[in-house]
Amino acid sequence: LSPLPSLLPSVSPPPSLSPPISHSRPSLSLPPHFPLHPSRPLSPLPFPGVPLLLSAPSNLLSRRTGCFMSQLQQVGFEPDGSATTGVGTGSRCWVRELPRAAGEESRQVDSMSVRGTGGPAGGREKVLTLDSMNQQVKKVEYAVRGAIVVRASAIEKELEQGTRKPFSEVIRANIGDAHAMGQKPITFIRQVLALCTYPQLLCDPDMPEDAKARARKILNACGGHSIGAYTASQGIEAIRQNVAKYIEKRDGGIPSSPDNIFLSAGASEAIVTTLKLLVSGEGRGRTGVLISIPQYPLYSAAIADLAAVQVNYYLDEEHCWALSVDELRRALRQAREHCTPRVLCVINPGNPTGQVQSRQVIEDVIRFAAEERLFLMADEVYQDNVYAAGCQFHSFKKVLFEMGPTYSDVVELASFHSVSKCYMGECGYRGGYVEYVNLDPGVKAELV
């Protein structure tokens with residue numbers, strides 16, 4: 001119980017409830033943990049009339065008193081020791097101690113029918129509550145959007161309203177949001193998006209011809225020549241063809257097929273979808289997923305949501321956050337005592353650590369995945385954000401194929417990229433892809 005006099009108004013008892021409450025109404029014997037002041041059972045603090053926030057299990061009150069209550073109850077305690085409990089607009093539950101029988105130590109609570117809650121009186125509970133909801137969702141922690149971010153937003157509003165603080169702005173370092181930090185969008189990308197969204201602009205002489213040509217190609221690949229039409233499960237084929245050409249150019253001519261590419265609403269969606277395919281089993285047979293620490297919290301959040309087993313391997317901070325195969329073996333060995341590791345996730349370039357793994361490290365990881373029969377997931381969304389002298393990005397797919405058929409015909413690989421990072425920075429438009437290598441045809445059929 002916390003006094004909040006500045007937030008909640010004191011509630012006066014309605015005249016109709018001034019007389020003593022009849023014993024014929026249903027009552028509730030409060031459990032010992034229900035907070036009541038020893039000298040005034042229904043006034044937990046010695047300040048009558050002070051509004052309070054009472055956090056009590058909803059079923060404690062709603063099941064037996066006929067009151068339909070949320071988990072957070074607004075209670076106003078009155079000078080006579082009684083209390084009102086706000087239950088939504090136009091509803092009220094009146095709580096007062098009833099006379100006790102001789103020797104009876106339990107405290108009683110009376111209630112009146114609830115109106116204005118959108119449900120019948122008589123204590124009907126919500127179908128979806130914190131207790132009945134999917135418990136895996138409650139285990140999800142997505143730090144980039146958690147309490148710290150909410151607090152940062154509140155501070156920003158305070159600054160806008162003129163509140164004086166020892167700083168003038170909030171710098172958001174919780175997530176890579178390029179445009180929010182001042183990066184300007186690429187003109188060509190925005191022109192093509194505008195033309196596809198509003199095709200009448202194709203007649204505008206101020207629009208450049210290269211942007212018009214790209215827009216026409218995309219629109220011609222859409223049902224009804226409109227981007228508002230549904231697409232195939234893998235995404236628009238013309239765009240997948242462009243993605244395949246990009247991958248081939250990046251990897252020095254190593255072939256890429258549009259049939260192995262799936263477009264997604266950002267790389268995150270493709271990562272979660274891939275993990276869904278991989279997670280199965282129960283007990284010690286439950287899928288274990290190896291992830292780097294430090295990591296991008298999407299991985300731990302998705303693993304928790306899917307009730308998989310998170311297996312941590314630690315990057316070597318003393319050597320620029322390098323990935324050590326010895327550390328992978330340690331993590332794998334320990335994990336096999338309580339789960340079945342099937343997946344190895346690698347973020348390269350690193351997020352949030354920013355390291356760029358060497359080609360040798362990537363080769364070692366591929367060999368390790370092949371030896372231990374692990375599905376390899378390569379998160380490569382920062383591949384164009386490499387600035388340090390002597391650093392070079394090597395895609396897992398390129399290295400895999402250059403290692404020869406001993407590995408390229410065996411290792412199962414999913415590579416992810418996104419328009420949210422690099423020179424594009426289009427986080428809000430949610431565009432990304434996954435390219436699968438050696439994916440089982442039956443599994444692929446399930447996706448399409």
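**Sheet, loops and pocket in a predicted model**

Modeller: In this predicted model, seven strands are arranged as an open sheet of mixed pairing, and their order is β8-β14-β13-β12-β11-β9-β10.

Biologist: Which are the edge strands of this sheet?

Modeller: The sheet is open, with its seven strands in the order β8-β14-β13-β12-β11-β9-β10. An edge strand here pairs on one side only, and the two strands for which this holds are β8 and β10 (309-314).

Biologist: By how many degrees are neighbouring strands of this sheet turned against each other on average?

Modeller: Strands of a sheet pair through backbone hydrogen bonds, either parallel or antiparallel. For this sheet the pairing is mixed, and the average turn between neighbouring strands is given with direction ignored, at 25 degrees.

Biologist: In what sense do β8 and β14 pair, and which residue in β14 stands opposite Ile261?

Modeller: The pairing of β8 with β14 extends over four bridges and is antiparallel. β8 comprises residues 261-264, and the residue in β14 that faces Ile261 is Glu435.

Biologist: Which helix lies across β9, β10 and β11, and at what angle does it run to β10?

Modeller: The protein chain holds 13 helices and 14 strands. The helix that lies across β9 (287-293), β10 and β11 is α9, residues 325-335, and its angle to β10 is about 150 degrees.

Biologist: Which peptide bonds in the loop between β11 and α10 are cis?

Modeller: Most residues other than glycine have a negative phi, and most peptide bonds are trans. The loop between β11 (340-347) and α10 (359-372) holds Pro349, and Pro352 has its place there too. With omega about -5 degrees for one bond and near 15 degrees for the other, the cis bonds are those joining Asn348 to Pro349 and Asn351 to Pro352.

Biologist: Is Cys422, with its positive phi, buried or exposed?

Modeller: Cys422 is not a glycine, yet its phi is near 60 degrees, and its place is the loop that runs between β13 (413-418) and β14 (432-437). Its relative accessible area is 6%, and because the limit for a buried residue is under 20%, Cys422 counts as buried.

Biologist: What is the relative accessible area of Arg430, which also has a positive phi?

Modeller: Arg430 lies in the loop between β13 and β14, and its phi is about 55 degrees although it is not a glycine. The residue is classed as partly exposed, and the value is 36%.

Biologist: How many residues line the largest pocket, and which lie nearest its centre?

Modeller: The space in the largest pocket is about 1,600 Å³. Elements that give two or more residues to its lining include β8, β13 and β14 of the sheet, together with the helices α4 (187-197), α5 (209-220), α6 (237-250) and α7 (267-278). The lining numbers 46 residues, and those nearest the centre are Ile239, Leu263, Val419, Gly431 and Gly432.

Biologist: Which element gives the most to this lining, and how many of the lining residues are charged?

Modeller: With six residues, α4 gives the most to the lining of the largest pocket. By residue class, the lining has 27 nonpolar and 13 polar members, and the charged ones number six.

Biologist: What share of the contacts with a separation of 6 or more lies between residues 24 or more positions apart?

Modeller: Of the 448 residues in the protein chain, 41% are buried. Among the contacts with a separation of 6 or more, the share from residues 24 or more positions apart is 62%.

Methods. Residues numbered from 1 in each chain as written. Predicted model: local features only at pLDDT ≥ 70, side-chain atom pairs only at ≥ 80, totals over all residues. Heavy atoms only, no water. Buried < 20%, exposed > 50% of the residue type's maximum accessible area, 1.4 Å probe, protein only. 1 Å grid on protein atoms, 1.4 Å probe; cavity = no way out; pocket = protein on both sides within 12 Å on 5 of 7 lines; lining within 4 Å. Points joined across faces, edges and corners; volume = space filled by probe spheres on them. Nonpolar A, V, L, I, M, F, W, Y, C, P; charged D, E, K, R; others polar. Pairing = 2+ DSSP bridges. Axes fitted to C-alpha atoms, helices over the stretch in contact; angles between N-to-C directions. Contact = heavy atoms within 4.5 Å.
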